[in-house]
Amino acid sequence: MKQKVLEVKDLAISFKTQYGILHAIRGVSFDLYKGETLAIVGESGSGKSVSAKTILGLLAGNSIYESGEINFDGLDLTQVDEEAMHSIRGSKISMIFQDPMSSLNPIQPVGKQIAEALINKQGMPKAMAKERVIELLTRVGISEPEKRFNQYPHQFSGGMRQRIVIAIALANNAEILICDEPTTALDVTIQGKILELINELKLQRELSIIFITHDLGVVANVADRVAVMYAGKIVEYGNTEEIFYDPKHPYTWALLSSMPNLATSKHLDAISGTPPNMIFPPKGDAFAPRNKYAMKIDFEEQPPMFKVTDTHYAATWLLHPDAPKVQLPEATIRLRENRGKLHYGK
Amino acid sequence: MENNHVIDNRKVVLEVDNLKKHFTSGTGKNKLIVPAVDGVSFNVYEREVFGVVGESGCGKTTTGRTVMKLYSATEGTVKLNGDIISAGYKGIERQIEEVKKEAKKRLIEVDKHAEGVHTINEELKYNLIDAEYQLKQLKAEHKEKLKELRKPLDDYRNESYRIKNSYELEVAKIEHRYNLAVEKVKSTTINAVEEEYKQEVSRNKLGFSRKTDGLKSSAALEKDVIEQRLKDLKAHYDEIFRELEEKYKPLIAEAEGKISSKSTANHEIKALTAEKKNQIAAEKKLYKDSLAKLKKPNATAIKKTISDEKSKQKEEINKSKNSIAELKKKAKEAVSKVPSNNDLGVDLAELEIQKKEISNWQKEEINKLRNKITEYKEVNKSQAALETSRKMQMIFQDPISSLNPRHTVEEIIGEGLVIKGGYTKDQIKDKVAEMLEKVGLQSSYATRYPHEFSGGQRQRIGIARALIMDPDFVIADEPISALDVSIRAQVINLLHNLKDELGLTIMFIAHDLSVVRFFCDRIAVMYYGRIVEMADSEELFNNPMHPYTKSLLSAVPQPDPDYEKNRIKIDYNPATAHDYRHDMPVLREIVPGHSIFVNNAEFEQIKKEYFETTEGLGDVQ
């Protein structure tokens, strides 16, 4: 049995805005096991970043905690005070943000910024910290660490900067690493290298990773399990293979077919319409208005989580025993048929 | 390959020839020239989608903007529908300089002929170059030698630094461990419950004093009311304090038995301190020992040898310099000793004619080039080019910053028509409404402002703004990069439909390879300002030939876990992948419709590989 390191139960968070209460996440539950990567996929506004920020207690001042628990290390992270949170943040749970330039201080040498994490959290003496920083820099693949130690962020390229951010996040041997779209701002070739590094560190340190992204290609690369979010709820979750080769929720189908891949023919199955306004969350299934397969009940009642296998769950009325059988979209069928064969060149 | 012949017969809409755009910054020593686009040539045929891909900084956006005349080109020409619309003349200025240089060279040649001594001069020249080279060699050798001599001193210094550093580090570690241990011992002497009790009491006292202060300074209440309330407050807090005492007293007493006495703790700390001192002393001894072990070199002796060596070297260099000076003098004498032309029997008149011819040639060439510059300058400003370039429009990347937030949608979309002139207000209104419906928005949206729309809708407005001018050719600069996943497909499908409906030709600039493959007919891959590979979409993705393209394609993540977990990545490093010292690469066609940026050797190599791998796959000439 795998060891559970983090448990999120029925979490709901809202924000006070000038137009009314915005329901950012509405009852999200997931577990994170030791040494696995959980990918959270969804479009912007689906609540994936809010879930991550709640875990670290980084929400903005206008947030309202509605319900739920986040269990970590015998504590409920929604209830602990700032001081206790401070001892967890950065030393037990770390986060990497999307833009590496804005998460580094432009007027401080990078070595100092990494050493800061060690000195402030562990009270390590300076000389010792420097030695450890150089070790860390080597670990994340930066050559000539002694020279790089005294350089400033602007002297690094985008990919190198993201490596520095990763070094800061891992300085205190965190158990959980939250990556909020860490490669979205990078070029494809650099993206590949950063993903390689994250995968390697995961294996080496038995890290548990929550990986937030909207790029399904990246998910296929890093994830062990996937949670698909839409309008503040997890609509489907399961092992990576299950989500890609046997998706059950119409939103997952739509996501997979709206991105062109090698198996796509000349027409893209676009998802019509836009995501709902979360100040007025819809009564039934939030995806129903954009869903080709929507039934009458979808507009009236929210579907519960139906169990597909022991590890695979989906919230759609299509899995109800009384639901009609539907024809799967072409793209998902093609993906399953060409399993493992989708790549460019010879 | 039939497909390509068909393309060749199609009408060329855009013709870009050797386009260059160099950005300059700074002056003098700090002058920096960034060749963002460095000699790009391509044709875009009617009704096709031409994709330009590459990583950030490869010059794809700069290419688009230079074609669009948002940047003025450094060199090269852009033709739309056969008419030249923009041309760079900086390169021609360079050509003029070259002509001048060439003419000068030829004149010297004639003069030399007259002198008839260039053979002697040549020999002297070679000797001089030789001597100078030898001097340089000598200097380098001397430097090496000095370094060699100084080495023992440097070694000693470095080694002693290293020993000192490691000693300090060890001491810091010991101190750190000691501090942690002392903290731990100290914490056993403190009664945690008592601390908590004290904190509770002081917190409540603070609350009490704040509340009484607030009541006393209250202006709204009567005096007797205030007094009554103060009394109540006091009673309330007294109760609290009593409760706290009741709750904590037994707990404190219970905890008291468990903690260790101060004297034991002091004793322990003393032991720790002694241990620390011992450890530090041991470290110090080790440090001193290893420092003593280090053999100190004889500094005075070494310094002496160095100064000897230096004076010896000075002599040698002086000698070499003298010989150079002598050679120079000889060369000068040789020139001054030129025999007069009459002695050599050269016809002076004929030489004069030759000189005249050269200067005439120079004048003619320069005039030609100058005329070209004026012509290009005229073209860039001309009304005709402006009229032609109206047939070319652009869709921008960022749907938020590319729309003026203070204009209504109607003003934004209709602006092009207003600038063009010749439309009444009602006509513009009708056209805007028609356009809005064409891009999938309601015509009633015309009176709204950009902030009232979502990202996808704004991009539709951007598309409508480009299309209202009825263009033949549209440059779409990353139109979907800033959009959400689910919206991207909508915008791509819209562009696809509009292309068929309006017969558009599109230049599609993007970094997302899967979208490019899906949407474009032909693709150019750019790398550092150059096109490295250009081919039909299917051909490029099935048969990538340039190492950069291969590496780029291998890096694209696919939504296919089985493939992703076993991905083989190809790295590309231009420094090791190519050998361009003798043979510069150019863009050349390897099979019809498929060009790569290679030199001769690579061309042969790739061609051989290509025909080996495609053998038996079909009919390939």
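**Exercise 1. Describe how chain A divides into domains in this predicted model, and characterise the contact between them.**

Solution.
- Start with the bounds. Domain 1 of chain A covers 4-223, and domain 2 covers 229-337.
- Next, take the spacing. The domain centres, taken over C-alpha atoms, are 29 Å apart.
- Count the participants. Domain 1 of chain A brings 25 residues to the contact, and domain 2 of chain A brings 20 residues.
- Turn to area. The two domains of chain A bury about 1,800 Å² between them, with 61% of it on carbon and sulfur atoms.
- Finally, find the main contributors. Of the area that domain 1 of chain A buries against domain 2 of chain A, 40% comes from Arg26(A), Glu43(A) and Leu216(A), more than from any other three residues.

**Exercise 2. Work out the strand order of the open four-stranded sheet in chain A, and explain which strands stand at its edges.**

Solution.
- Write the order: S2-S1-S4-S5 in chain A, with antiparallel pairing.
- Read off the ends. S2 (20-33) and S5 (75-76) of chain A each have a single partner strand, so one side of each lacks a neighbour in the sheet.
- Check one pair. Strand S4 (residues 63-72) of chain A joins S5(A) over two bridges. Asn71(A) stands opposite Asp76(A) in S5(A).
- Add the helix. H1 (residues 48-56) of chain A lies across S1 (4-17), S2 and S4 of chain A, at about 110 degrees to S1(A).

**Exercise 3. Locate the largest nonpolar core.**

Solution.
- This core has 61 residues; Ile461(B) and Phe508(B) are among those with the most contacts inside it.
- Helix H15 (residues 485-502) of chain B gives the most, seven residues.
- A second, separate core has 38 residues, including Leu104(A) and Met128(A).

Notes: Residues numbered from 1 in each chain as written. Chains lettered and ligands numbered in written order. Predicted model: local features only at pLDDT ≥ 70, side-chain atom pairs only at ≥ 80, totals over all residues. Heavy atoms only, no water. Pairing = 2+ DSSP bridges. Contact = heavy atoms within 4.5 Å. Axes fitted to C-alpha atoms, helices over the stretch in contact; angles between N-to-C directions. Core = buried A, V, L, I, M, F, W, Y, C linked by side-chain atoms within 4.5 Å. Buried < 20%, exposed > 50% of the residue type's maximum accessible area, 1.4 Å probe, protein only. Domains from an automatic or database assignment. Buried area = accessible area lost by both parts, 1.4 Å probe.
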